[in-house]
Each structure stands twice: as structure tokens, then as C-alpha cells.
Amino acid sequence: MQLIFHRRSLGERDALVDIIRQHIPNHKGLETMAQTTAEFLREQGKAEGKQDAILKLLQLQFQNVPEVLSREIRNIHNLSHLDTLLEQAMTVQSLEEIDTHSALKST
């Protein structure tokens, strides 16, 4: 999508976007393809910030966060799932209560 918008004339752009729309009925997929690099990096930065916050909270509360759990949290990029994990990190009594697996299935 970025190549279409940045490297093609207006006439070509409309025709190519129409072809893509015909083959991608899911508008969410089309939006994702059209996402700019800046938007992607901004979203990635938000995810990394939430991952950092979750891990910091867990470290403060439990001192040692197992590498496996840390890696699982770093592999989650869905912001709503990271929000859920952040809430869990604020309220759990043990590390075993952190449920990264349900978040991983949907990311």
C-alpha cells in the first residue's frame, strides 16, 4: 500500500487500490496494510512501553521475574491484551496469576 501511495500517479493509485479492495474484503486488513511507518513505530512504542511497565511492576512486587515470563510478555503486541496484563500486574498475589497465554493466542 505504501508503494502505491508514494510511487504511483493518482490514476494508477486509484486503480490499484480498487484491485486490492476486491481481494481483501476485511477492511481491518486493508487499514493495517495502509498504516504508515510512523504509525507502526508509534504503536510499537506504545506496546513496548506497556511491556516495560508490566515487567517493572512485577519486578517491584516479586523481585525476580522468570525469563520465560518476561519473554512471553515481550511477545505480546496487542495493546488491549497488554492493558489486561498491566491490570493483572497491579493486583496479582503471585506470578502464577499472570495469564499471558490467553493474550498470546489473539495477538
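**Figure 1. The whole chain, with seven helices and zero strands.** Helices are DSSP runs of H or I with at least four residues, strands are runs of E with at least two, and both are numbered from the N terminus. Read from the N terminus, the order is α-α-α-α-α-α-α. Please keep in mind that this is a predicted model, in which local features need pLDDT of at least 70 and side-chain atom pairs count only at pLDDT 80 or more, while totals for chains, interfaces and linings use all residues. Residues are numbered from 1 along each chain as its sequence is written, and side-chain values use heavy atoms, with hydrogens and water left out. Of the 107 residues in the chain, 26% are buried (under 20% relative accessible area; exposed is over 50% and partly exposed is in between, with a 1.4 Å probe and protein chains only).

**Figure 2. The largest nonpolar core, with 15 residues.** Such a core is a set of buried Ala, Val, Leu, Ile, Met, Phe, Trp, Tyr and Cys residues joined through side-chain atoms within 4.5 Å. Ile-54, Leu-58, Leu-69, Ile-73 and Ile-98 touch the most other members. Helix H4 (37-62), helix H5 (67-74) and helix H6 (79-91) each give two or more residues to this core, and H4 gives the most, with five.

**Figure 3. Ile-98 and its partners.** Leaving out residues up to four places away in sequence, Ile-98 touches Leu-58, Leu-69, Leu-85, Gln-88, Ala-89 and Val-92. Touching here is a contact, meaning heavy atoms within 4.5 Å.

**Figure 4. The two sides of helix H6.** Find His-81, Leu-82, Leu-85, Gln-88 and Ala-89, which are buried in H6. They cover an arc of only 115° around the axis, so they lie on the same side of H6; the arc is that of the directions from the helix axis to the C-beta atoms. Now look at the other side of H6, where Glu-87, Met-90 and Thr-91 are exposed. An α-helix has 3.6 residues a turn, so residues three or four places apart point the same way.

**Figure 5. Gln-51, a buried residue of helix H4.** Its relative accessible area is 2%. Gln-51 touches Ile-73, Arg-74, Ile-76, His-77 and Leu-82, not counting residues up to four places away in sequence. You can also look for Leu-79: Gln-51 and Leu-79 are 28 residues apart in sequence and 9.5 Å apart in space, C-alpha to C-alpha.
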